[in-house]
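Thank you for giving me a few minutes this morning. I would like to walk you through one structure, slowly, for those of you who have not looked at it before.

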Amino acid sequence: MNLNFNFFMNDAVESARKEIVEAGYTQLTTPEEVDEALAKKGTTLVMVNSVCGCAGGIARPAASYSVKQGIRPDHLVTVFAGQDKEATEQARSYFTGYPPSSPSFALLKDGEIQMMVQRHEIEGEEPMEVVNKLIGAFNTYCK
C-alpha cells in the first residue's frame with residue numbers, strides 16, 4: 001500500500017480550515033491580515049488552529065460552540081500553526097507573556113492580550129470545559 005502523505009495532510013488541513021471557517025471565524029494567512037484584524041476596536045478571539053487530535057476533538061468544537069452562547073467577542077479570527085507560519089508568528093507577537101501554543105485561544109481587546117487558553121488547558125479536557133473557560137472570558141472581557 002502506497003499512502004501519499006502530502007495528499008493525506010492536505011486533506012486534513014483543508015478539513016480543519018473548513019471547520020473553523022464554517023464556525024464563523026475569518027482565516028488570516030498573512031502577517032498583514034493579522035495586523036489589520038488585531039488593530040480593530042473591540043474584542044477579538046484568535047483561535048490558533050492545528051491538525052493535532054486535541055484541535056479536532058476539543059478546540060475546534062469548543063471554538064464553534066462557545067461563540068453561539070450569549071456574550072461573544074466582536075471579531076473571530078484564526079491562524080493555522082504549521083501551515084501559515086508567518087501569520088501565526090505575527091499573531092503570537094500580540095500574545096505577550098505567553099509561549100507559543102497550538103491549538104490555543106487568545107482574547108484581545110483593542111489589540112491588547114487579555115487572556116489565553118493554551119494547549120495544556122485544552123489537551124485532555126472535555127470540550128465543554130474549554131467552552132466554559134471561553135464563555136467565562138467572554139463574560140469578563142466582552143461586555
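I will begin with the cores, go on to two helix pairs, and finish with some single residues.

Please keep in mind that this is a predicted model, in which local features need pLDDT of at least 70 and side-chain atom pairs count only at pLDDT 80 or more, while totals for chains, interfaces and linings use all residues. Residues are numbered from 1 along each chain as its sequence is written, and side-chain values use heavy atoms, with hydrogens and water left out.

Let me start with the inside. By a nonpolar core I mean a set of buried Ala, Val, Leu, Ile, Met, Phe, Trp, Tyr and Cys residues joined through side-chain atoms within 4.5 Å; buried stands for under 20% relative accessible area, exposed for over 50%, and partly exposed for what is in between, with a 1.4 Å probe and protein chains only. The largest nonpolar core has 26 residues, and the members that touch the most others are Y25, L45, F105, I122 and V130. Two or more residues of this core come from each of β2 (43–49), α3 (53–66), β4 (104–109), β5 (112–117) and α5 (127–141), where helices (H or I, at least four residues) and strands (E, at least two) are DSSP runs numbered from the N terminus. Another core, of 15 residues, lies apart from it, and L28, V34, V48 and F95 are among its members.

What does Y25 touch, once its neighbours within four places in sequence are left aside? Taking contact as heavy atoms within 4.5 Å, Y25 meets I20, L45, M47, A63, V67, L76, V77 and T78. The last of these, T78, sits in strand β3 (residues 75–80) and counts as buried, at 2% relative accessibility. With the same kind of neighbours left aside, within four places in sequence, T78 is in contact with I20, Y25, T26, Q27, L28, M47 and N49.

Now to the helix pairs. For these, axes are lines fitted to C-alpha atoms, for helices over the stretch in contact, and angles run from 0 to 180 degrees between N-to-C directions. The axes of α3 and α5 are 8 Å apart, and the two helices pack at an angle of about 45°. That angle makes α3 oblique to α5, since angles under 35 degrees count as roughly parallel, over 145 as roughly antiparallel, 65 to 115 as roughly perpendicular and the rest as oblique. From α3, the residues G57, I58, A62, Y65 and S66 meet P127, M128, V130, V131, L134, I135 and F138 of α5. Sorted by class, this contact of α3 with α5 has ten nonpolar residues, two polar and no charged ones; here Ala, Val, Leu, Ile, Met, Phe, Trp, Tyr, Cys and Pro count as nonpolar, Asp, Glu, Lys and Arg as charged, and the others, Gly among them, as polar. One of the α3 residues, G57, is partly exposed at 41% relative accessibility.

The second pair is helix α2 (residues 31–38) and helix α4 (residues 85–92), whose axes come within 8 Å and cross at roughly 35°. Here P31, V34 and D35 of α2 meet E86, A87, Q90 and A91 of α4, and the contact of α2 with α4 divides into four nonpolar residues, one polar and two charged. Also in α4 is E89, which is exposed, with a relative accessible area of 60%.

Finally, some backbone details and their surroundings. As a general rule, most residues other than glycine have a negative phi, and most peptide bonds are trans. The peptide bond from S102 to P103 is cis, with omega near -5°, and P103 is placed in the loop between α4 and β4. D110, in the loop between β4 and β5, has a positive phi, near 50°, and is partly exposed at 41% relative accessibility.

Is Q118 buried or exposed? Q118 is buried, with a relative accessible area of 10%, in the loop between β5 and α5, and, not counting residues up to four places away in sequence, Q118 touches Y98, P99, S101, P103 and S104. In strand β5 we find M115, buried with a relative accessible area of 13%, and, again not counting residues up to four places away in sequence, M115 touches Y98, F105, A106, L107, A137 and Y141.
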